[in-house]
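Visitor: Could you take me closely through one part of this model, the side-chain pairings between its charged groups, and then show me how the surroundings of those pairings are built?

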Amino acid sequence: MPKIIKDVDAKLLAAGRDLLLNGGYEKFTMREVAKACGIGLGTAYNYFPSKEYFAAKIILQDWQSVEKEMEEAIKTASTPEEQTRVLFTYLKRFTAMYQNVWDQYVGQSHTSGGVLKYHDMFVKKLCAISGLSWFVVECILHFVTLKDVQYEDIEDNLKKLL
């Protein structure tokens, strides 16, 4: 009789997130996640068909949480300047959380042309959420990925764009 494990997908996601954030993309393996959950490797693959898909699912889950918080914070922003600050702050926090993962992922040459399609969709979504122009959102996205740049460093220039 097969062993029945409750909430396997939730356990896998929690263990996977921990391994991904603490060990980076290189150390994040299906084998290690399955081991951390006390399940077989085949069972893990039943829920997540690849390491890349699994990592994307974890990141998406975190993004959806950040996105909800960001939307609420933007609703309370009364000026475009406040909206840019909110957008920058939430995006900076999210990108900082996963910077190591993305650096390792790109270093392994997994990028494809499909990434651009998703980037455009992402920018459109951020424009809709924030009410800011495509150009301003692209500028913010560029600067949040730079580790040493803080909002105060670009605030005056963003104000000129608004």
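Guide: In this predicted model, the side chains of Arg85 and Glu152 meet in a salt bridge, with 3.3 Å from N to O. Arg85 belongs to helix H5 and Glu152 to helix H8 (residues 151-161), so the pair ties together parts that are 67 residues apart in sequence. The two partners fall into separate accessibility classes: Arg85, with a relative accessible area of 31%, is partly exposed, whereas Glu152, at 52%, is exposed. The limit that matters for Glu152 is that exposed means over 50% relative accessible area, and its value of 52% therefore places Glu152 in that class. Nor does the pair stand alone, for Arg85, Glu152, Glu155 and Lys159 are linked in a network of salt bridges.

The structure holds seven salt bridges. One of them joins Arg17 to Asp62, the closest N and O atoms being 2.7 Å apart; since Arg17 lies in helix H1 and Asp62 in helix H4, this pair ties together parts that are 45 residues apart in sequence. Arg17 is partly exposed, with a relative accessible area of 30%, while Asp62 has 11% and is buried. Buried means under 20% relative accessible area, so Asp62, at 11%, meets that limit. Apart from residues within four places in sequence, Asp62 is in contact with Arg17, Phe94, Met97 and Tyr98, and its surroundings thus include both its salt-bridge partner Arg17 and aromatic residues, among them Phe94.

A further salt bridge is formed by Glu67 and Lys125, whose closest N and O atoms are 3.3 Å apart. Here too distant parts of the chain are linked, with Glu67 in helix H4 and Lys125 in helix H6 (residues 114-130), 58 residues apart. At 11% relative accessibility Glu67 counts as buried, whereas Lys125, at 42%, counts as partly exposed.

Helix H4, which carries Asp62, also takes part in the aromatic pairing, and the count of aromatic pairs comes to seven. Phe28 and Phe54 form one that is tilted, with 5.3 Å from centre to centre and 50° between the planes. This pair again links distant parts of the chain, Phe28 being in the loop between helix H1 (8-27) and helix H2 (30-37) and Phe54 in helix H4 (residues 51-76), 26 residues apart. Both Phe28 and Phe54 are buried. A second example is the edge-to-face pair of Trp63 and Phe94, with 5.2 Å from centre to centre and 65° between the planes; it links helix H4, which holds Trp63, with helix H5 (residues 80-107), which holds Phe94, across 31 residues. Trp63, at 9% relative accessibility, counts as buried, and Phe94 is buried as well, with a relative accessible area of 7%. Phe94 is also one of the residues in contact with Asp62. Returning to Phe28 and Phe54, ring pairs link these two with Phe48 and Tyr53 into a cluster.

A charged side chain also meets a ring face in this model: Lys51, found in helix H4, lies over the face of Tyr25, at 4.2 Å from the ring centre. At 22% relative accessibility Lys51 counts as partly exposed. Leaving aside neighbours within four places in sequence, Lys51 is in contact with Tyr25, Glu26, Phe28 and Met30, so that Phe28, buried at under 20% relative accessible area, is among its contacts.

Finally, there is the nonpolar interior. The largest nonpolar core has 46 residues, and those with the most contacts inside it are Leu20, Phe54, Met70, Leu87 and Ile140. Helices H1, H2, H4, H5, H6, H7 (134-144) and H8 are the elements that give two or more residues to this core. Phe54, which pairs with Phe28, is thus named among the residues with the most contacts in the core. Ile140, another of them, touches Thr84, Leu87, Phe88, Leu91, Leu132 and Leu158, not counting residues up to four places away in sequence. Leu87 therefore appears twice, as a contact of Ile140 and as one of the residues with the most contacts inside the core.

Terms used. Residues numbered from 1 in each chain as written. Predicted model: local features only at pLDDT ≥ 70, side-chain atom pairs only at ≥ 80, totals over all residues. Heavy atoms only, no water. Phe/Tyr/Trp six-rings, centres within 6.5 Å; stacked < 30°, edge-to-face > 60°. Helix = DSSP H or I, 4+ residues; strand = E, 2+ residues; numbered from the N terminus. Buried < 20%, exposed > 50% of the residue type's maximum accessible area, 1.4 Å probe, protein only. Lys NZ or Arg CZ within 6 Å of the ring centre and 35° of its normal. Contact = heavy atoms within 4.5 Å. Salt bridge = Lys/Arg side-chain N within 4 Å of Asp/Glu carboxyl O. Core = buried A, V, L, I, M, F, W, Y, C linked by side-chain atoms within 4.5 Å.
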